[in-house]
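Here is a short briefing to read alongside your viewer. Take a look at the model first, and then we will walk through a few of its details.

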Amino acid sequence: KHQLSEEQHLHTGIANTADHMKSAGLLNQSQYDAVTSHTRGNVGLLHIKTLQHHIHRSTFHPNGQMLNTFWDEIGCFVSACWR
């Protein structure tokens, strides 16, 4: 739907999907900037290593404030995935 290839890493796929969503008018510039700020680089909140740490390490749990901020920044992306 958003022109992904199966060979992409998760963070690359998310960034490329955000590119496509912006060009399709599903994300505005501010939303796009928030999503890609977490994916363009070696480590970010949407990078697979960060997500794996949250899931698999008992010492790497995000607090409520971090989760709320994260959702505020990527909720638009998740919603656009379902459109």
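Let's start with a single residue: Thr 36 sits in helix α2, where helices are DSSP runs of H or I with at least four residues, numbered from the N terminus. Please keep in mind that this is a predicted model, in which local features need pLDDT of at least 70 and side-chain atom pairs count only at pLDDT 80 or more, while totals for chains, interfaces and linings use all residues. Residues are numbered from 1 along each chain as its sequence is written, and side-chain values use heavy atoms, leaving out hydrogens and water.

**Around Thr 36**
- Thr 36 counts as buried because its relative accessibility is 9% (buried means under 20% relative accessible area, with a 1.4 Å probe and protein chains only).
- A polar atom of the Thr 36 side chain lies 2.9 Å from the backbone oxygen of Tyr 32.
- A polar atom of that Thr 36 side chain also lies 3.5 Å from the backbone oxygen of Asp 33.

**How α2 meets α4**
- The axes of α2 (residues 29-37) and α4 (residues 64-81) come within 9 Å and cross at roughly 105° (axes are lines fitted to C-alpha atoms over the stretch in contact, with angles from 0 to 180 degrees between N-to-C directions).
- That crossing makes α2 roughly perpendicular to α4, a label for angles of 65 to 115 degrees.
- Gln 31, Ala 34 and Val 35 of α2 meet Glu 73, Ile 74, Cys 76 and Phe 77 of α4, with contact meaning heavy atoms within 4.5 Å.

Key. Helices (H or I, at least four residues) and strands (E, at least two) are DSSP runs, numbered from the N terminus. Angles under 35 degrees count as roughly parallel, over 145 as roughly antiparallel, 65 to 115 as roughly perpendicular and the rest as oblique. Buried means under 20% relative accessible area, exposed over 50%, partly exposed in between (1.4 Å probe, protein chains only). A polar contact is a pair of N or O atoms within 3.5 Å; within protein, one must be able to donate a hydrogen and the other to accept it, and residues adjacent in sequence count only if both atoms are side-chain atoms.
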